[in-house]
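Please open the structure in a viewer and keep the sequence at hand. The tour below proposes a series of selections and describes what is found at each.

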Amino acid sequence: MSTENASQRSQQATGNTFVGDVWVNYKRWMIKSVRNPFILTGSLLQPVIFLVLFTQVFGQVATSAIGGNGPAISYETYLVPAIAVQTALAAAAASGIGLVNDIEEGMFDKILVSPMSRTGVFLGKSLAEISRIVAQIVIIIGLGWLLGARYATGIPGIVGILIIGIIFSLWFTAFSNIVALVTRDQESTIIGANILQFPLLFVSSAFLPLSVMPGWIQTVAMFNPITYGVDAARALTLGEDVMTVIEVTRFGGIWDTLVPALTILVVLDIVLVGAAVVMLNRAAKSAVQ
Amino acid sequence: MAEYAIDVDGLELTYSDGTQAVRDVDLQVPEGELFGFLGPNGAGKTTTIKVLSTLLRPSAGSVRVNGFDVVGEPRKVRQTIGYMAQETSIDNDLTARENIRFACEAYGVPRSERADRIDELLELADLADVADKRANDFSGGMKKRLDAATALVHRPPLVFLDEPTTGLDPAARNRLWEYFERINEEGTTIVLTTQYLEEADQLCDRISVIHDGEIVVTGSPEALKREVGGEVLDVELTEDGTDAERARDAVASTDAVDRSAIDVTDDGLSITSPRAREIGTDVLLALRDADIPVLGFNVRSPTLDDVFLAVTGEHVDDVEDIDDGSDPVEVSR
């Protein structure tokens, strides 16, 4: 009741350092992602099924389609970078679902009334998602190797694929969070972020070379970010320039794919992550005149 | 620290869709008080609490909580308050222990104190047996108690409880209230909103009646009930209340009581008067002369509902009081 007592009590909640805030939220989201069966099956099982089924079902046919120039490439090797990108895509879609869950469960407000730094909160959540993406891509690459995929650029190339997976995931993470903030509804977010994944994957260079696809798909693929993510990862897998939507010859070898693809992805990341950060800030300030 | 836990001057809040949820609220709550906002749904209770807990930015006015300005120093405010939202807010994927631990970490409870604090709160919330089970499997009451525990991890000097017991069974409500009363006795200021009139009456040192975004009256429950002016004479007529309007005319014509003191209720009349005991005979005679049968007749002390009726002209109609003492209190003075 006394003033002294009150101030003494309040000193027990000094809050954390910024790093502490990031860590607290990182831990929470890591626990959640391991526990939540939807996230695990949705973002890992599906790509694994794709990898196994596609290579087994289409392997024979597809190998002739991809074997245009140079030495023969197995479809396993061709497909692993696409599945790695799909994994990143699925994990990114789950990010918005996590946010909308927090809004619906009241955890969003609960965190906003705590002294934690908002930036730290979202950074912690994002780092947990990135950890998951890295772990899942590692699993896909290992599984691919068991199925017969070979990685031309070795360990540095595999690390490169992980980095591409992270860079690729950011724009879609931002997108799914924007959908979450706009709809504030779990089902809409799942639909908005999840349903979009499959058409986007198919109208890209993910599963087959664009040269064997109809003209309209080649046109759409040029504006589809997945093409750039897959091409970049594939350039590292095959050790050659694989990009066909934009012809660049200035850098030589795989860099003719990596430089333009990563430039496009980074610009896309900056635009969408920027938009998501603005919207999150606004949501945190809430709907007051 | 501040003289007042809460010091609000001229608070206004308009939502971006133009709804004016709070208009010109002035309020001072001294430290250590158990203070209640009373009012129907949509009156502005939750909005006010959200401004006080920094979730909403005031459109106008000055709001100081624990001596800190909610706009200028929100982080200082957040460090010194606990907040329990109207909707139960816990992470269903985490266990009870993990939920409380997350709150401890979010508020920076020192590592050395965490384990003890978590055990203490689990005990208090009566969740020690299920501490390592996921909250998803908990009943509504268990989740609510867990939510309360997470709001108290940092022993805040001021706690906001937005309808903390709505939806709980009476036993669970009582247990939660025992705890809130205990921390209040230990010095914690508590500000709550409730639709349960009895709850407010029994627990709060002072209450403010909020209606239409404005505080219409503030005072201790006793003082407010005294201000209603006298006692209340309830007359039960027919079940469907068909004769009520006619009965009101009949009673008003007796000169025993002013027409404005007579309220038509669901099943009859409610007459508020300082002479409620003396006018009984006049009222009954007037009703007999008008050929209106009387089924029941009772003089009682005013309740907070009468206060609410007197200051707003409406009942707290949203109240769905379960079973605890909404019966009229027999007068024994």
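Begin by selecting helix 11 of chain B, residues 304-312, in this predicted model. Of its 9 residues, 7 are buried, so the helix is largely enclosed by the rest of the structure. The buried residues can be picked out individually: Leu304(B), Asp305(B), Asp306(B), Val307(B), Phe308(B), Leu309(B) and Ala310(B). Continue along the chain to Gly313(B), which follows helix 11 of chain B and has a positive phi, near 75°.

**Chain B as a whole**

Now display all of chain B. Its secondary structure consists of 11 helices and 14 strands. Along the principal axes, the C-alpha atoms of chain B occupy a box of roughly 80 × 45 × 40 Å. Chain B has 333 residues, and 48% of them count as buried. Among contacts in chain B with a separation of 6 or more, 71% join residues that are 24 or more positions apart.

Colour residues 4-220 of chain B in one shade and residues 229-301 in another; these are domain 1 and domain 2 in the domain assignment. How many Å separate the centres of domain 1 of chain B and domain 2 of chain B? Taken over C-alpha atoms, the separation is 41 Å.

**A pair of helices in chain B**

Two packed helices are described by the angle between their axes and the distance between the axes. Select helix 3 (residues 96-106) and helix 5 (residues 140-150) of chain B, whose axes lie 9 Å apart at an angle of about 25°. Angles under 35 degrees count as roughly parallel, and helix 3 of chain B is therefore roughly parallel to helix 5 of chain B. The crossing of helix 3 of chain B past helix 5 of chain B is right-handed.

Show the side chains where the two meet. Helix 3 of chain B contributes Ala96(B), Asn99(B), Ile100(B) and Ala103(B), while helix 5 of chain B contributes Leu146(B), Ala149(B) and Thr150(B). By class, the residues of this contact are 5 nonpolar and 2 polar, with no charged residue.

**Two loop residues with positive phi**

Move next to Arg155(B), in the loop between helix 5 and strand 7 (158-162) of chain B. Arg155(B) is not a glycine, yet its phi is positive, about 50°. Is Arg155(B) buried or exposed? Arg155(B) is buried, because 21 other C-beta atoms lie within 10 Å and the cut-off for a buried residue is 20 or more.

Then select Asp212(B), in the loop between strand 9 (206-211) and strand 10 (214-219) of chain B. Asp212(B) is likewise a residue other than glycine with a positive phi, here near 60°. Asp212(B) has 16 C-beta neighbours inside 10 Å and so counts as partly exposed.

**A pair of helices in chain A**

Finally, turn to chain A and select helix 4 (residues 75-105) and helix 8 (residues 186-195), whose axes come within 9 Å and cross at roughly 170°. This angle makes helix 4 of chain A roughly antiparallel to helix 8 of chain A. On helix 4 of chain A, the contact is made by Ala93(A), Gly96(A), Ile97(A), Val100(A), Asn101(A) and Glu104(A). On helix 8 of chain A, the residues to select are Gln186(A), Thr189(A), Ile190(A), Ala193(A) and Asn194(A). The contact of helix 4 of chain A with helix 8 of chain A has 5 nonpolar, 5 polar and 1 charged residues.

Notes. Residues numbered from 1 in each chain as written. Chains lettered and ligands numbered in written order. Predicted model: local features only at pLDDT ≥ 70, side-chain atom pairs only at ≥ 80, totals over all residues. Helix = DSSP H or I, 4+ residues; strand = E, 2+ residues; numbered from the N terminus. Buried ≥ 20, exposed ≤ 12 C-beta atoms within 10 Å, placed from the backbone. Contact = placed C-beta atoms within 7 Å. Domains from an automatic or database assignment. Axes fitted to C-alpha atoms, helices over the stretch in contact; angles between N-to-C directions. Parallel < 35°, antiparallel > 145°, perpendicular 65-115°, else oblique. Left-handed = near helix turned anticlockwise from the far one by under 90°. Nonpolar A, V, L, I, M, F, W, Y, C, P; charged D, E, K, R; others polar.
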